[in-house]
Amino acid sequence: MLTIDILTIFPGMFSPILNASILKRAQDNKKVCIRIHDLRDYTLDKHRKVDDRPFGGGPGMVLMPEPIFKAVKKIKGRRKVRVLMTCPGGITFHQRMAKRWAQEKNILIICGHYEGVDERVRQKLVDTSVSIGDYVLTGGELPAMILVDAIVRLVPGVLGKEESLYDESFEQGRLEYPHYTRPADFQGLKVPRILLSGHHRQIQQWRARQAETRTRRQRPDLL
Ligand code: ADE
């Protein structure tokens, strides 16, 4: 079973996401074990301080190394763990990484915060710093949830047949073809006739062409 530990200063943010839908089912079915750790539980002072002003001056606060080092040591124990950290300066997350990390046994995600995290954390503890895109969020918690979601759904046995992986965007270097369901005519907007024809081969060809056109238009960089 894959174990994912998440180290955060906002442990309360995670429960609505982890306790719904496929992520909840994956945990109930023992495909993944997700544990949230409050960084403040590893602080050294009575104010439970996790951050301080940057050496050299400048705005914002920096997460201090001591609580993070202490937490990571305790959480890892003797296990071999892949340590990820969310930060806007990391390498951009991609489906390929989700696939690779879905095969790990143990993952620890450190949620970055404030102006940043003391560089010695990255130097000594982190295997990969990950950004979820070229924009800046208020913290690394939402990015951590996105990593968890993208990774866990790729763990064998998590998705049922109905939710199967094969035809999805990025799986074959193409975006997905358009989908339709009932009614066949919605306010005059008709479902393409080919999809109602029952000709499986022609439907497949139509979908491949649609995926190609859509990718060319919206994401030519994938081709
Ligand atoms: N923290 C703030 N912005 C982020 C981003 N885009 N990706 C990962 N972590 C972040």
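In the predicted model, a backbone N or O atom of Cys87 lies 3.2 Å from a nitrogen atom of the ligand. A backbone N or O atom of Ile132 lies 3.0 Å from a ligand nitrogen atom, and a polar backbone atom of Leu137 is found 3.0 Å from a nitrogen atom of the ligand. On its own, the ligand has 270 Å² of accessible area, of which the protein covers 97%.

The ligand is placed in the largest pocket. Two elements, strand S5 (82-92) and strand S8 (128-131), give two or more residues to the shell around the ligand. The most is given by S5, with three residues. Thr86, Cys87 and Pro88 are among the residues around the ligand. Val130, Ser131, Ile132 and Gly133 are also included in this set, as are Tyr135, Val136, Leu137, Gly139 and Pro143. Cys87, Ile132 and Leu137 thus appear in the list of surrounding residues, and for Cys87 the backbone distance to a ligand nitrogen is the 3.2 Å given above.

Strand S1 (residues 2-8) is mostly covered, with seven of its seven residues buried. Burial applies to both faces of S1. Leu2, Ile4, Ile6 and Thr8 are buried on one side, while Thr3, Asp5 and Leu7 are buried on the other. S1 pairs with strand S2 (residues 32-38) in the parallel sense, over seven bridges. Within this pairing, Ile34 in S2 is the bridge partner of Ile4. S1 also runs parallel to strand S6 (residues 106-111), to which five bridges join it. In S6, Asn106 stands opposite Thr3. Ile4 and Thr3, named in these two pairings, lie on opposite sides of S1 and are both buried.

Three further strands form an open sheet in the order S3-S4-S7, with mixed pairing. Strand S3 (51-52) and strand S7 (116-117) stand at the edges and have a single partner strand each, so one side of each is left without a neighbour in the sheet. Strands of a sheet pair through backbone hydrogen bonds, in either a parallel or an antiparallel arrangement. Strand S4 (residues 62-63) and S7 pair in the parallel sense over two bridges. Leu63 has Val117 in S7 as its bridge partner.

Methods:
Residues are numbered from 1 along each chain as its sequence is written. This is a predicted model: local features need pLDDT of at least 70, side-chain atom pairs count only at pLDDT 80 or more; totals for chains, interfaces and linings use all residues. Side-chain values use heavy atoms; hydrogens and water are left out. Two strands pair if DSSP finds at least two bridges between them. Helices (H or I, at least four residues) and strands (E, at least two) are DSSP runs, numbered from the N terminus. Buried means under 20% relative accessible area, exposed over 50%, partly exposed in between (1.4 Å probe, protein chains only). A residue is near a molecule or strand if one of its heavy atoms lies within 4 Å of it. A polar contact is a pair of N or O atoms within 3.5 Å; within protein, one must be able to donate a hydrogen and the other to accept it, and residues adjacent in sequence count only if both atoms are side-chain atoms. Accessible areas come from the Shrake-Rupley method with a 1.4 Å probe; for residues, only the protein chains shown count as cover. On a 1 Å grid over the protein atoms alone, a cavity is a set of points where a 1.4 Å probe fits but cannot get out, and a pocket is an open set with protein on both sides within 12 Å along at least five of seven lines; lining residues have an atom within 4 Å of a point. A molecule sits in a cavity or pocket if more than half of its atoms lie within 2 Å of its grid points.
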